Amino acid sequence: MNLAERDKKVIWHPYTQMKNPLPHIPIVRGEGVYVFDESGKKYIDAVSSWWVNIHGHAHPHIAEKVAEQLKTLEHVIFAGFTHESAVQLAERLLPLLPGKQEKVFYTDNGSTAVEVALKMCLQYWVNTTKQPRTKILAFKGAYHGDTFGAMSVSGRSIFTDPFASLLFDVEFIDLPNTKNIEQIKSRISYLSNEVACFIFEPMVLGTAGMVMYEAGHLDELIAACQKHGILTIADEVMTGFGRTGKLFSCEALQYSPDIFCLSKGITGGTMPLGVTTCNAKIFDAFLSDDKLKTLYHGHSYTANPVACAASLASLDILLSDETLPNIQRVSAKHEAFAEKIKGHPKLKDVRQTGTILAMEWETGGDTSYLNGLRNRLYNYFLEQGIILRPLGNIIYILPPYVISNDDLDYIYSTILTALEEI
Ligand SMILES: *Cc1c(COP(=O)(O)O)cnc(C)c1O
């Protein structure tokens, strides 16, 4: 039996209808922006393997630091104990974040980073008032993860339908634009006494289809929240670590959120790690002689030293002299290509922020056509040696920053032929 056949016997894949799925391609090796399958065929990983491999695959610097850590300390319980890599990572990370972030809380993925952020906010109100606020504000269509709390604050969709009755109530607001911003602000002010917090993906809603909105509008919403004491959570799980052209997407804001959620790019795709950071306002609300005011949350692999070492190594690369120019180069290439294909009759919209480029295929409003189109596009690019995973009728490129101009041009020209042929 080959690997694909053995896989089929024992594995249940994520986000996959397991009845007659598209074949799962066995990957044996990764290098830079490429992964290689069993037959030696090379694929450009144009989606950074679900948005995590910001520096490409098998980066030697990360490998070296991880190996060192493995030989020194692979894991230790993080309650009652600490270790160099966790402390150093927090020391390096906090000053990079906008506003005054004071503390790091470690978990092991983006969803749990969000769960912790929500629990921090909800318990903040329990700890500080007699009538705790329990409502949460989130954007329609947002995505914050797959665990129950994270699902609850995500837009309702086919992903969440089977669990709909078990998800807690969330006040969903429209993405802001010039027309509706005042309306959203009055809604916030109307609900204000009940609202514990507002969670948002800053400027780019990833899973929604790389939907983009303006920093100025988010600023207005954060300001409105702050006016009413509503806590704010920036979910930078996808946008963090250079993806939008800035180190963090929130750098484009005047107002700073109370909490940041980070994961995905944090270790450059080497180890699972989640981080929730908060400012003093949140942290201080948990300081007490009353044990009930403790944040009772933790995971077995919290602050795993190998994951922290991978993250430190990934930060070295991110902050090195090469990476920012790469991010700027990819962003400029994307922008030029977006300009070139804007107005193409088969495209409903083309949008770009930093290293993210998205194109919305025209479907003439026919949703039954959608799934077929998505799979045809996915297969078309795979055949050409490019990993792109369309979100419905939206194709997006979110590559490792080291991708060469030649590889970018190859992806662009393949998109142009797809536009002709599909
Ligand atoms: C992917 C993602 C999450 C969830 O992270 P996981 O590690 O997949 O659990 C949360 N928020 C945003 C914005 C994401 O893109």
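This passage describes the ligand site, a surface patch, the salt bridges and some individual residues of a predicted model.

The surroundings of the ligand are considered first. The residues around the ligand are Trp51, Asn109, Gly110, Ser111, Tyr143, His144, Gly145, Glu201, Asp235, Val237, Met238 and Lys264. Sorted by class, this shell consists of four nonpolar, five polar and three charged residues. Three consecutive positions in the list, Asn109, Gly110 and Ser111, each place a polar atom beside an oxygen atom of the ligand, although they do so with different parts of the residue. In asparagine 109, an N or O atom of the side chain is found 3.3 Å from a ligand oxygen, whereas in glycine 110 a polar atom of the backbone is found 2.8 Å from a ligand oxygen. For serine 111, the atom concerned again belongs to the side chain, and its distance from an oxygen atom of the ligand is 2.6 Å. On its own, the ligand has 380 Å² of accessible area, and the protein covers 84% of this.

Tryptophan 51, which is one of the residues around the ligand, also has an uncommon backbone angle. Most residues other than glycine have a negative phi. Tryptophan 51 has a positive phi of about 75°, although it is not a glycine. This residue is found in helix α2, and with a relative accessibility of 7% it counts as buried, because the limit for that class is under 20%. A positive phi, here of about 50°, is also found at asparagine 20, which is likewise not a glycine. Asparagine 20, however, is placed in the loop between α1 (3–10) and β1 (27–31), and at 68% relative accessibility it counts as exposed.

The sequence neighbour of tryptophan 51, tryptophan 50, lies in helix α2 as well, a helix that spans residues 48–51. Tryptophan 50 is partly exposed, with a relative accessible area of 38%. Together with Tyr15, Ile158 and Phe159, Trp50 forms a nonpolar patch on the surface, and the accessible area of these residues together is about 440 Å².

Attention now turns to charged pairs. Side chains of opposite charge can pair when their charged atoms come close. The structure holds twelve salt bridges, among them one between lysine 185 and glutamate 182, in which the closest N and O atoms are 3.3 Å apart. Both partners belong to helix α7 (residues 181–191), where a separation of three residues corresponds to about one turn of the helix. Lysine 185 is partly exposed, its relative accessible area being 22%.

A second salt bridge connects aspartate 409 with lysine 333, and here the closest N and O atoms are 2.6 Å apart. This pair links distant parts of the chain, since aspartate 409 lies in helix α13 (residues 405–421) and lysine 333 in helix α11 (residues 323–341), 76 residues apart. Aspartate 409 is partly exposed, with a relative accessible area of 35%.

A further salt bridge joins lysine 342 to glutamate 339, with 3.9 Å between the closest N and O atoms. Of these partners, lysine 342 counts as partly exposed at 47% relative accessibility, while glutamate 339 counts as exposed at 53%; the two fall into separate classes because a residue counts as exposed only when its relative accessible area is over 50%. In addition, Lys348, Asp349, Arg351 and Glu360 are joined into one network by salt bridges that share partners.

Two buried residues with polar contacts complete the description. Histidine 334 is found in helix α11 and is buried, with a relative accessible area of 0%. The side chain of histidine 334 is joined to that of tyrosine 412 by a polar contact of 2.7 Å. Threonine 302, by comparison, is situated in the loop between α9 (280–284) and α10 (305–318), and it too is buried, with a relative accessible area of 11%. In this case the side chain of threonine 302 reaches the backbone oxygen of histidine 299, at a distance of 2.8 Å.

Definitions and conventions
Residues are numbered from 1 along each chain as its sequence is written. This is a predicted model: local features need pLDDT of at least 70, side-chain atom pairs count only at pLDDT 80 or more; totals for chains, interfaces and linings use all residues. Side-chain values use heavy atoms; hydrogens and water are left out. A residue is near a molecule or strand if one of its heavy atoms lies within 4 Å of it. A polar contact is a pair of N or O atoms within 3.5 Å; within protein, one must be able to donate a hydrogen and the other to accept it, and residues adjacent in sequence count only if both atoms are side-chain atoms. Accessible areas come from the Shrake-Rupley method with a 1.4 Å probe; for residues, only the protein chains shown count as cover. Ala, Val, Leu, Ile, Met, Phe, Trp, Tyr, Cys and Pro count as nonpolar, Asp, Glu, Lys and Arg as charged, and the others, Gly among them, as polar. Patches are made of residues with over 30% relative accessible area and no salt bridge: like charges are joined within 9 Å, nonpolar side chains (Val, Leu, Ile, Met, Phe, Trp, Tyr) within 5 Å. A salt bridge is a side-chain nitrogen of Lys or Arg within 4 Å of a carboxyl oxygen of Asp or Glu. Helices (H or I, at least four residues) and strands (E, at least two) are DSSP runs, numbered from the N terminus. Buried means under 20% relative accessible area, exposed over 50%, partly exposed in between (1.4 Å probe, protein chains only).
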